[in-house]
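Biologist: Can you pull up the model? I want to go through its empty space and its ligand.

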Amino acid sequence: MYYVSTRNKQLEFTPAQAISQGLSREGGLFLPAALPRLPGHALENLKNMSYQQRAVYIMGLYLTHFTTSELTAYTAKAYGPEKFDTRAVAPVHKVDGKTYCLELWHGPTCAFKDMALQMLPYLLTASMRKNYDNRTVCVLVATSGDTGKAAMEGFRDVDQTKILTFYPKDGVSEVQALQMKTQEGENVGVCSVVGNFDDVQTGVKQLFSDEALRAQLEENHIFLSSANSINWGRVLPQIVYYVSAYCDLLRDGEIANGDAINVCVPTGNFGNILAAYYAREMGVPIAKLICASNSNNVLTDFLRTGTYDKNRTFFHTVSPSMDILISSNLERLLYALSGGDDRCVAGYMEQLAGTGSYTVDEDIRKKLTALFDAGYADEEATKSAIGRLWTEHRYLIDTHTAVAFHVLEEYRARTGDETPTVVASTASPFKFCDAVLDAIGVEERAQGAALLDQLAEATGVAVPRPLAGLREKTVRFDGWVQKEQMKAVVTGFLK
Ligand SMILES: *Cc1c(COP(=O)(O)O)cnc(C)c1O
């Protein structure tokens with residue numbers, strides 16, 4: 001299987017080239033030239049397998065230049081018991097007769113980013129070997145909170161790699177900031193930037209297209225790569241858990257083979273829900289893809305009207321990992337829905353860069369509304385969803401997951417659609433203690449890491465191990481810079 005860019009499908013890349021390069025030179029994103037389809041009995045066969053085995057099978061369909069024994073080794077390490085606190089890896093929790101929660105936060109940083117970022121370092125270093133490339137890769141990350149931490153956990157002390165993470169100084173939760181400031185590993189660097197996530201992401205994109213910087217690093221045998229969800233190596237492992245969730249429901253007799261499910265995903269960069277779309281295209285019987293946003297509801301408007309417009313107020317919300325106005329991965333969906341029209345995608349992206357908005361043609365708009373439903377939750381709705389899930393089901397969810405639950409309830413009320421639905425649960429509630437405590441009615445608030453105990457005491461739910469350990473950790477990275485200084489931070493880090 002070969003990969004092409006969303007903005008130029010003339011050139012073909014191997015999976016290893018697509019993964020190690022991250023972003024195509026003309027700014028497009030890599031994706032498979034054609035999507036693989038699951039053979040007829042695949043879901044039945046997969047239902048009795050472990051998560052790791054399912055991952056080997058699904059990823060193998062896309063990574064045709066990798067052997068089964070390579071993929072088996074990577075999945076064993078990435079999703080093994082030292083990394084995940086449950087053998088199921090991504091368990092499905094039954095909330096009620098028609099609602100299932102796919103828990104994607106049992107990994108080392110307690111957010112769904114671990115699902116991809118535990119795997120990416122193996123895919124990336126193997127890709128470099130396959131390309132006979134012995135340079136050092138420097139991974140640059142722009143994070144709205146969870147990606148950076150998960151990437152650093154994945155890459156820490158991996159040979160021939162370095163990783164530098166930038167995050168918005170006032171755009172992440174206390175626990176998230178503490179997780180990053182205390183990051184361990186000899187090859188890691190962390191720096192906060194004054195501004196919001198989009199500023200940081202734009203800054204990192206500029207570094208990637210800085211030819212002078214590229215040349216300077218090249219002299220030292222270093223090249224820049226990305227761990228953001230624009231890298232195909234991030235999207236691919238995420239497809240696995242949607243297939244896996246369907247298999248779990250089959251295995252547990254909740255559905256019969258062929259029964260449709262809906263999927264409801266809290267998303268910002270459109271990465272997680274894009275993976276669900278790919279699972280659907282592969283043949284998993286997913287009816288509706290329900291896209292859940294917070295007050296930064298640029299995707300809700302886009303999916304309803306066909307006009308993407310980032311010219312709007314930016315909100316800092318209690319679900320900060322979705323505080324995003326430029327959803328990079330949408331570009332891959334546009335490529336698919338335009339029938340692989342790279343000129344058309346490049347045109348929309350030029351308009352987005354120039355004016356901050358674009359409107360898709362009628363044909364794409366029709367496909368969007370057929371596939372997707374969309375909604376958003378403001379701050380109050382988010383908190384009341386946490387409260388409701390806790391009081392009615394004794395199920396504790398984080399703020400991002402709560403956005404999805406609210407949107408699902410609103411969707412059901414509006415459409416009457418009772419299809420069994422899998423809600424993607426993207427973080428442990430302990431990553432967002434402050435907002436969660438508030439939502440379940442605890443008014444007096446502790447500070448810093450003591451918040452963890454407070455939430456545990458209030459609910460009787462145990463603090464996940466990786467977060468409980470934060471208290472003993474030393475702060476290693478306390479600095480912040482203006483966004484103009486980001487390039488200097490990179491050159492300093494790589495000296
Ligand atoms: C990153 C993140 C999201 C959004 O993921 P997308 O890649 O933007 O779809 C949602 N919830 C949490 C907790 C996250 O860390």
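Modeller: What follows is a short talk about cavities and the ligand. This is a predicted model, where local features need pLDDT of at least 70, side-chain atom pairs count only at pLDDT 80 or more, and totals for chains, interfaces and linings use all residues. Residues are numbered from 1 along each chain as its sequence is written, and side-chain values use heavy atoms, with hydrogens and water left out.

Biologist: How many cavities of 30 Å³ or more are there?

Modeller: Four. A cavity is a set of points, on a 1 Å grid over the protein atoms alone, where a 1.4 Å probe fits but cannot get out; lining residues have an atom within 4 Å of a point. The largest cavity holds about 280 Å³, a volume being the space filled by probe spheres set on the points.

Biologist: Which residues are closest to its centre?

Modeller: Phe112, Lys113, Asn269, Ser321 and Ile324, out of 25 that line the largest cavity.

Biologist: Where is the ligand, in terms of cavities?

Modeller: The ligand takes the space of the largest cavity, which requires more than half of its atoms to lie within 2 Å of the grid points.

Biologist: What does the ligand touch through polar contacts, say at Asp146?

Modeller: A polar contact is a pair of N or O atoms within 3.5 Å. A ligand oxygen is 2.4 Å from an N or O atom in the Asp146 side chain. A ligand nitrogen lies 2.8 Å from an N or O atom in the side chain of Thr426.

Biologist: And what is the volume of the second largest cavity?

Modeller: About 70 Å³. Asn269 is among the residues lining the second largest cavity.

Conventions
1 Å grid on protein atoms, 1.4 Å probe; cavity = no way out; pocket = protein on both sides within 12 Å on 5 of 7 lines; lining within 4 Å. Polar contact = N/O pair within 3.5 Å; in protein donor to acceptor, adjacent residues only side chain to side chain.
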